[in-house]
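User: I'm new to reading protein models and would like a close look at one part of this one, with some of its surroundings afterwards. Could you take me through it step by step?

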Amino acid sequence: MDPRVASSLSSADETTMTIRSKARILLPLLALGLAAFIYHALLSSKTERQKPQLAEKVWQIEALTAAPQSLAPSVTLYGHIESPERLQAGAPGPGVVERVFVRNGTRVQRDEPLIRLDPRDFEAALRQSEADYRDVENQLDELQIRHRADRAALDTERELMAIAEAEVERLVKLQQQNLSTDTALNSARSELERRRLAVLSRELDVASYPARLKALEARRDRARARVDQDRLAFDRAEISAPFDAIVSRVTVAAGDRVAIGQVLLELFPFDSLEIRAHLPLKYMDTLRRALAAGQTLRARVTRAGTDRSFALLRLAGEAEATGIDIYFDASESGESLRPGELLALDLELPREDDVYALPYQAIYGNSRIYRVIDDRLQALDVVSVGQTRDADGGTLVLIRSDRITPGDRIATTHLPNAVTGLKVRIDGE
């Protein structure tokens, strides 16, 4: 091949390779440029949209106009029925239950038999105590007879001692005249000493008579008391109702053996019931002022659609950190109440001036309300003085605050996110 032709072909191949190499580099760049041009064109042709503006949420509520009133508040208390004259009948002595006449809930009349114990258990003890009493009585009679005998014997002993003294004096004179022996004189003196000892012994018996008499009289009194006690236990072997009552509990059955003092049954007079309730500490001053002024406070109970009223009897003798127990008279309730029942009471307190009646949903935490000023909530701290009822029987809470102005709009819709500054709109306005 011609060298010139070969050289020419070689140059052409190198040119082709150079073009291909440049094409491999330029084609991606052209693609990127074309993509950038298209993106820019699309971006420039995009329609501009305005950004949304956030609007403050407005809460729809209900409200009422604040108007001060003079109302008598009430406080809801929970009371238990009790009977201060609740009686526990115990066994008068150890024995066996012979018969049970009543059951739990039985209404009994005064002197009606309740439980009878076997009288033989008490009869034996009574006979023994009566025998002991008669024995002491016999000892007293014997002591008096012995005392009379001792006094008579004392006179005789003194006479014998005087005779012995005279005999000694006579023998002494005879001995001085050498007409008697020493043996006879010594024998007379021994007899005189024996007579003196006998007189001393008899005088001691006579002198100790009052002490022995008192001791036996004391024994007689103890024996007599024992007789009375055993006779009382014998008489109480049949337990009777001391008053008109209702049996609240029976703890034994026929055949049971009981010990002295063991509780056999419990009963209460239905005309002596009381209601004990706990009054919170914040109402104690109001209650004391009312009682000091001579006011009669009453509590109302609604049961089965019927209202009943109970008068306040007294306050407990001791207060607690949370309040004080108070007692209401339920003696006229008859048999409609039973000890242990739980009642809801509405205690009527003295009338309060310048208070506001609000529904419970308007109260936050029992001490805060919200009023509406310029369509925004404003928190106010208030004092709760009790509750009252509206014309429909609904319950309203009574509050007092110096920061409330008559005519203020008080929010009555309970909002879980209520806070000062929250924007609201009153329904209907």
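How many residues sit between E14 and E15 in their hairpin, and which residue in the turn has a positive phi?

Analyst: Happy to! Keep in mind that this is a predicted model. The hairpin made by E14 and E15 has two residues between the strands, and the turn residue with a positive phi is Ala304, at about 55°. That sign deserves a second look, because most residues other than glycine have a negative phi.

Now look at the strands on either side of that turn. Strand E14 covers residues 298–303 and strand E15 covers residues 306–320; the two pair in the antiparallel sense, over six bridges. To find one matched position, put your cursor on Val301 and look across to Arg308 in E15. Follow E15 onward and you meet another hairpin, where two residues lead from E15 to E16. Strand E16 (residues 323–329) also runs antiparallel to E15, and five bridges join them. Here Ala319 has Ile324 in E16 as its bridge partner.

Let's stay with that positive phi for a moment. Asp354 has one too, near 55°, and is not a glycine either. Asp354 is found in strand E18 (residues 352–359). Asp354 counts as exposed because its relative accessibility is 55%, and the cut-off for exposed is over 50%. Asp111 is another residue other than glycine with a positive phi, near 70°. Asp111 belongs to the loop between strand E7 (107–108) and strand E8 (113–117). With a relative accessible area of 54%, Asp111 is exposed as well. One more to click on is Asn178, which follows H2 and has a positive phi near 60°.

E8 takes us to another sheet. This one is open, with four strands in the order E9-E8-E6-E11 and antiparallel pairing. Strands E9 (238–240) and E11 (257–258) stand at the edges: each has a single partner strand, so one side of each has no neighbour in the sheet. E11 is joined to strand E6 (residues 95–100) by two bridges, again antiparallel, and Val96 stands opposite Arg257 there.

Next, the helices. H2 runs over residues 120–176. Its 57 residues should span 84 Å at 1.5 Å a residue, and its end C-alpha atoms are 82 Å apart, which agrees. Helix H4 (residues 209–235) passes a similar check: its 27 residues reach 38 Å from first C-alpha to last, close to the expected 39 Å. H4 has a set of buried residues, among them Leu213, Val227 and Asp230, and what covers the buried residues includes H2 and helix H3 (182–207).

Asp230 makes a nice stop on H4. Asp230 counts as buried because its relative accessible area is 7%, and the cut-off is under 20%. Leaving out residues up to four places away in sequence, Asp230 touches Ala125, Leu126 and Ser129. Asp230 also meets Arg226 in a salt bridge, 3.4 Å from N to O. Those two are four residues apart in H4, about one turn of the helix. Why can such a spacing work? An α-helix has 3.6 residues a turn, so residues three or four places apart point the same way. Unlike buried Asp230, Arg226 is partly exposed, at 42%.

Helix H5 (residues 284–292) holds another pair to compare: Arg288 and Asp285 are three residues apart, again about one helical turn. Their salt bridge has its closest N and O atoms 3.6 Å apart. Arg288 and Asp285 are both partly exposed, with relative accessible areas of 42% and 48%.

Salt bridges can also link distant parts of the chain. Arg276 and Glu82 form one, with their closest N and O atoms 2.5 Å apart. Arg276 lies in strand E13 (residues 274–280) and Glu82 in strand E4 (residues 74–82), with 194 residues separating the pair in sequence.

Finally, zoom out. Leu27 is found in helix H1 (residues 3–44) and is part of a nonpolar surface patch with Ile25, Leu26, Leu29, Leu30 and Leu32, about 660 Å² of accessible area together. Leu27 itself counts as exposed, at 56% relative accessibility. Gln176, in H2, is exposed too, at 63%. The C-alpha atoms of Gln176 and Leu27 lie 190 Å apart in space, with their positions 149 residues apart in sequence.

Terms used
Residues numbered from 1 in each chain as written. Predicted model: local features only at pLDDT ≥ 70, side-chain atom pairs only at ≥ 80, totals over all residues. Heavy atoms only, no water. Buried < 20%, exposed > 50% of the residue type's maximum accessible area, 1.4 Å probe, protein only. Pairing = 2+ DSSP bridges. Expected span 1.5 Å × (residues − 1). Contact = heavy atoms within 4.5 Å. Patch = residues over 30% accessible without salt bridge, like charges linked within 9 Å, V, L, I, M, F, W, Y side chains within 5 Å. Areas by Shrake-Rupley, 256 points an atom, 1.4 Å probe, with all protein chains shown as cover. Salt bridge = Lys/Arg side-chain N within 4 Å of Asp/Glu carboxyl O.
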